[in-house]
Amino acid sequence: MFFESVYKSWKPKQFAKYEHLSKQLDLKIFDGKKVLDIASGPCWFEEFLAKQKIDVSNFLCVDKSEKHLKEKNVAVKILAADASSLSLPGKFDAIVALDCLHLFDFDFRKYLKKNSFVLASLFFNKQNIEERRNFLKQKLKWLKIKKEIVIQEEPTYEKRLSVSESEIFILAKLS
Ligand SMILES: C[S@@+](CC[C@H](N)C(=O)[O-])C[C@H]1O[C@@H](n2cnc3c(N)ncnc32)[C@H](O)[C@@H]1O
């Protein structure tokens with residue numbers, strides 16, 4: 001289950017994960033590309049990319065919450081829609097699916113161009129890392145896994161972030 005009000009307080013946590021990710025994956029792979037972000041939330045990933053001088057002007061961010069999309073702080077295209085029943089013209093160079101594949105089904109093949117890629121992620125804890133990894137791989141089973149990045153978030157001094165949360169990212173390509 002997903003709670004909107006709690007989510008907003010996660011921005012520093014999400015940004016910390018993107019920061020770690022950027023040390024292990026060259027995020028320039030997104031530069032100027034036509035990208036679909038499913039369940040983008042308030043477009044924090046795109047905000048992070050833009051701060052790294054990565055051109056996100058061709059990103060289309062979809063979220064079922066119009067409220068989240070309106071909170072965006074970066075120039076991207078937005079669409080309030082249910083990602084599981086999208087009907088879009090054309091295909092994309094890449095699809096981003098961060099912290100969302102546990103929430104709905106999505107057929108990546110429908111929107112992927114030849115030689116395109118997917119960056120997907122899910123949070124995990126010590127108890128469920130294998131389960132989460134397998135779940136993510138199952139969701140991406142039509143694609144070739146290129147890179148797996150596991151980020152173990154350190155607890156911060158802020159009380160509300162005191163429980164460490166970790167994230168597994170998978171980069172997969174359409175072969
Ligand atoms: C945990 S947040 C992740 C947001 C963003 N991807 C990130 O990593 O910061 C989950 C998002 O999924 C959206 N969502 C949930 N079900 C959805 C659906 N069926 N279609 C589109 N968006 C959905 C929620 O509104 C929320 O913004």
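## Helix packing, sheet and ligand shell

Helix α2 and helix α3 (residues 44-51) pack with their axes 10 Å apart, at an angle of about 50 degrees. Angles of 65 to 115 degrees count as roughly perpendicular and those under 35 as roughly parallel, so α2 is oblique to α3. The two helices cross in a right-handed manner. On the α2 side, the contact is made by K11, Q14, F15 and Y18, and on the α3 side by W44, F45 and F48. Sorted by class, the residues of this contact are 5 nonpolar, 1 polar and 1 charged. The model described here is predicted.

### The sheet

In what order do the strands of the sheet stand? The order is β3-β2-β1-β4-β5-β7-β6, in an open sheet of 7 strands with mixed pairing. Why is one side of β3 and of β6 left without a neighbour in the sheet? Both β3 (77-80) and β6 (144-152) stand at the edges and each has a single partner strand, so one side of each has no neighbour there. From one strand to the next, the twist averages 15 degrees.

Strand β7 (residues 166-173) is joined to β6 by 8 bridges, and these two strands run antiparallel. Strand β5 (residues 112-124) also pairs with β7 in the antiparallel sense, over 8 bridges. The table lists individual residues that face a partner in β7.

| Residue | Partner in β7 |
|---|---|
| Q152 | S166 |
| E148 | I170 |
| F124 | S166 |

S166 thus appears in two rows: this residue of β7 stands opposite Q152, and it is also the bridge partner of F124.

Helix α2 has a place in this part of the structure as well. The helix, which spans residues 11-24, lies across β6 and β7. Its direction is at about 130 degrees to that of β6. Helix α2 therefore takes part in two arrangements, lying across the strands β6 and β7 and packing with α3 at an oblique angle.

### Around the ligand

Which residues come nearest to the ligand? Of the 19 residues around the ligand, these are A39, G41, K64, A83 and L98. The shell of residues around the ligand divides by class into 9 nonpolar, 6 polar and 4 charged.

Definitions and conventions. Residues are numbered from 1 along each chain as its sequence is written. This is a predicted model: local features need pLDDT of at least 70, side-chain atom pairs count only at pLDDT 80 or more; totals for chains, interfaces and linings use all residues. Two strands pair if DSSP finds at least two bridges between them. Helices (H or I, at least four residues) and strands (E, at least two) are DSSP runs, numbered from the N terminus. Axes are lines fitted to C-alpha atoms, for helices over the stretch in contact, and angles run from 0 to 180 degrees between N-to-C directions. Two residues are in contact if their C-beta atoms, placed from the backbone, lie within 7 Å. A residue is near a molecule or strand if its C-beta atom, placed from the backbone, lies within 6 Å of it. Ala, Val, Leu, Ile, Met, Phe, Trp, Tyr, Cys and Pro count as nonpolar, Asp, Glu, Lys and Arg as charged, and the others, Gly among them, as polar. Angles under 35 degrees count as roughly parallel, over 145 as roughly antiparallel, 65 to 115 as roughly perpendicular and the rest as oblique. A crossing is left-handed if the near helix is turned anticlockwise from the far one by less than a right angle, and right-handed if clockwise.
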